[in-house]
Amino acid sequence: MNKHPRKWQKRLGQRGIATMLTAFSMLMLVPIVGLAIDGGLAYIVMSRLSAAADSAALAAARGLNGSSTIAAAQTQATTLATTFFNGNFPSGYLNTDTTAANRTVTTVFTLGTGSGTGGNGVPNGVLQVQVTTSVKAATYFMKWLGYANLPVTATGTATRRLLVMTLVLDKSASMGTRTTTVGSTAVGIGTTSCDAMVYSAIQFLNSFSPYDYVGILPFDYTAYATYAPTTNYQSTGGAAQQIANINCGNNTNTTAALELAYRQIKAINLPLANNVIVLFTDGVPNGVNGTFPVRNKADVRLTSACSGNDSHGYPNECNTPACTTVTGATVTGVITQTANFSVSSGSLDGPFKMFNTDSTPTVPSSITSGSSTCASSGTDFVQKTLAYIPATDYFGNSTSGPWNSWLYQVNPQTAPNGTVITSGNSATKNMGDLWSNYPTTGVGRSSNYYQNAECIGASCPYKGQLRPDLANTIGVASMNSAVNEANVVRNDTTYRITIHTIYLQGNGSDPVDRSFLQIVSNQPTIAPLIYDTGDSSYANTYYNSAQQQGLWLATTSATALNGLFAQVASSLLRISQ
């Protein structure tokens, strides 16, 4: 007999309440636990979806290249975005809904207009590609509450700096002549450097986007404002046609070409863009831009009027009277070496235009009329009419630099056996060297500067100035001013321009310089050319670590040139996330 019936009744009542409370709690806990589990699974879906969206955005940004119009580029990029998304997040992945309407990929392209008033928040010079994706994640517990799935959305963003590029193409005579006809659809590699350049440069254009700015700037002794950078470069009659129209001839004014390309890039005025100059050339520049003083004093120099040779067989210099009595007379334009980088011979010419948009240079009539002996063109103009090459060229560049004491027509070196050489060329090229290493060359004129030997009596009117009468010195001043111009371009901290350089062996006997294009493109180390592979690399003392370093690419094979242009294109197609 239970002595405490009320106590047992109380306990039974408590047990009933606990059961009721547990049942009631389960009604609350199951949805909470289900939400936690389903939410955790949805988070996993969102993580995978986000990675797929990022991949799709990068693919879309890369997929903008190679189309001729913005509409076509966007269509191609959108297709790639969808393809990459499907590859990284297949239909039904992680038990997501396979219904097409519940699986979306949306791509938006935003060309930057800045963050100021009226801007869209994307910086000028930048294209933003945004891919938004959405799927429906399955639920396991929440479907008891009527939620069969959960919507999950993720967005991937890639930014692409617009390209602003001027393609600078050497069309001098040493490139050889065109032997093929380039039409609108058929392009072939010919046998000359000129043909190879035209073919490869046209193929190069196919690498970029219609959002990019591309310009074409051919040059000989004049730089031609043929086709300023534009986004419409792939249109009919556009950049490709301008390249196809190129014929090679005349001389090489690299400094003016770099200066004009620099001006064109600044005119687009997109500091945040990828601002680039791609310089293609076959060797040593030989055009000096300047305001040249006319010689009004007698001195000793090499001219066509001299006769006889010295004991080493080199032409004598001779006393040359002043060609005019006019003081302060000048001629502005380009002077060139036209044949043979020699200290004893060679043809010179001028004055020419620096840019094709310039007026034709003229020699003042006050120094070419009456009793004056001033020539107005040709070798005699450069050798006899001009007093000297100024210390600063027309664009403000020093004409002094790495090659002050250089001699071009020495130090022949030969490429290894089996090296492919451009048609009509030689495997052996003069690499140049310090004049001091060749004391018997050009005896009596052992410097690119006027020395005491050029005095008449006690008068040395132009002592210490660069000589215009030696073809060798035209090359010296041209190369010095070109590397100094390149330094100015790279030193612009607003546009931060990168200079890429490509070398292909040209035709003829012109020398090759190992370091020139490597200095122009700001290489930290000067590597050997194929002609001097037995030599070792050395530090570039003109390298500037604060400036952009471009590519330096070189070949002696016309058929290899297309690959070098492709390497440059690959380096320019950089996408950031």
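In this predicted model, strand β8 and strand β11 (residues 330-339) run antiparallel and are joined by seven bridges. One point of orientation along this pair is Gly 287, which stands opposite Thr 336 in β11. Strand β8 itself covers residues 287-293 and is mostly covered, with six of its seven residues buried.

These two strands belong to a protein chain with nine helices and 20 strands. The chain has 577 residues, and buried residues make up 49% of them. Contacts across the sequence are also worth a look: among the contacts in the chain with a separation of 6 or more, 72% are accounted for by residues 24 or more positions apart.

A good place to go next is the open sheet formed by six strands, in the order β6-β5-β4-β7-β17-β20 and with mixed pairing. Its edge strands are β6 (227-230) and β20 (552-555), each of which pairs on one side only. From one strand to the next, the twist averages 15°. Within this sheet, β7 (residues 274-281) and β17 (residues 498-504) run parallel and are joined by six bridges. To find this pairing in the structure, one can start from Ile 277, whose bridge partner in β17 is Ile 499.

Helix α5 (residues 254-268) lies across four strands of the model, β4 (163-170), β5 (213-219), β6 and β7, and runs at about 160° to β7. The helix has 15 residues and reaches 22 Å from its first C-alpha to its last, close to the 21 Å expected at 1.5 Å a residue. How many of the 15 residues of α5 are buried? The count is eleven, so the helix is largely enclosed by the rest of the structure. The buried residues of α5 include Thr 254, Thr 255, Leu 258, Glu 259, Leu 260, Tyr 262 and Ile 265. One of these, Tyr 262, has a charged neighbour: the charged end of Lys 266 sits over the Tyr 262 ring, 4.1 Å from its centre. In an α-helix there are 3.6 residues a turn, so residues three or four places apart point the same way. Just after α5 comes Asn 269, with a positive phi near 60°.

Aromatic residues add another layer to the picture. A pair of aromatic rings is described by the distance of the centres and the angle of the planes. With ring centres required to lie within 6.5 Å, the count comes to eleven aromatic pairs. Ring pairs link Phe 204, Phe 208, Phe 280 and Phe 565 into a cluster.

A further open sheet has three strands, in the order β1-β2-β3, with antiparallel pairing. Here β1 (104-111) and β3 (149-161) stand at the edges with a single partner strand each, so one side of each is left without a neighbour in the sheet. The twist in this sheet averages 15° from one strand to the next. Eight bridges join β1 to β2 (residues 126-138), and the two run antiparallel. Thr 104 can be found opposite Ser 134 in β2.

Helix α2 (residues 70-88) lies across β1 and β2, running at about 140° to β1. Thr 78 is part of this helix, and with a relative accessibility of 28% it counts as partly exposed. Which residues does Thr 78 touch, not counting those up to four places away in sequence? They are Thr 107 and Phe 109. Although Thr 78 and Thr 107 are 29 residues apart along the chain, their C-alpha atoms are separated by 6.1 Å.

Some details of the backbone round off the description. Most residues other than glycine have a negative phi, and most peptide bonds are trans. In the loop between α2 and β1 lies Leu 94, which has a positive phi of about 55° although it is not a glycine. Asn 95 lies in the loop between α2 and β1 as well, and its phi is positive too, near 65°. Is each of these residues buried, partly exposed or exposed? Leu 94, at 36% relative accessibility, counts as partly exposed, and Asn 95 counts as partly exposed at 46%. Elsewhere, a cis peptide bond joins Gly 350 and Pro 351, with omega about -5°. Pro 351 has its place in strand β12 (residues 347-352).

Key:
Residues are numbered from 1 along each chain as its sequence is written. This is a predicted model: local features need pLDDT of at least 70, side-chain atom pairs count only at pLDDT 80 or more; totals for chains, interfaces and linings use all residues. Side-chain values use heavy atoms; hydrogens and water are left out. Rings of Phe, Tyr and Trp (its six-membered ring) pair if their centres lie within 6.5 Å; planes under 30 degrees apart count as stacked, over 60 as edge-to-face and the rest as tilted. A charge sits over a ring if NZ of Lys or CZ of Arg is within 6 Å of the ring centre and within 35 degrees of the ring normal. Two strands pair if DSSP finds at least two bridges between them. Axes are lines fitted to C-alpha atoms, for helices over the stretch in contact, and angles run from 0 to 180 degrees between N-to-C directions. Contact means heavy atoms within 4.5 Å. The expected span of a helix is 1.5 Å times one less than its number of residues. Buried means under 20% relative accessible area, exposed over 50%, partly exposed in between (1.4 Å probe, protein chains only).
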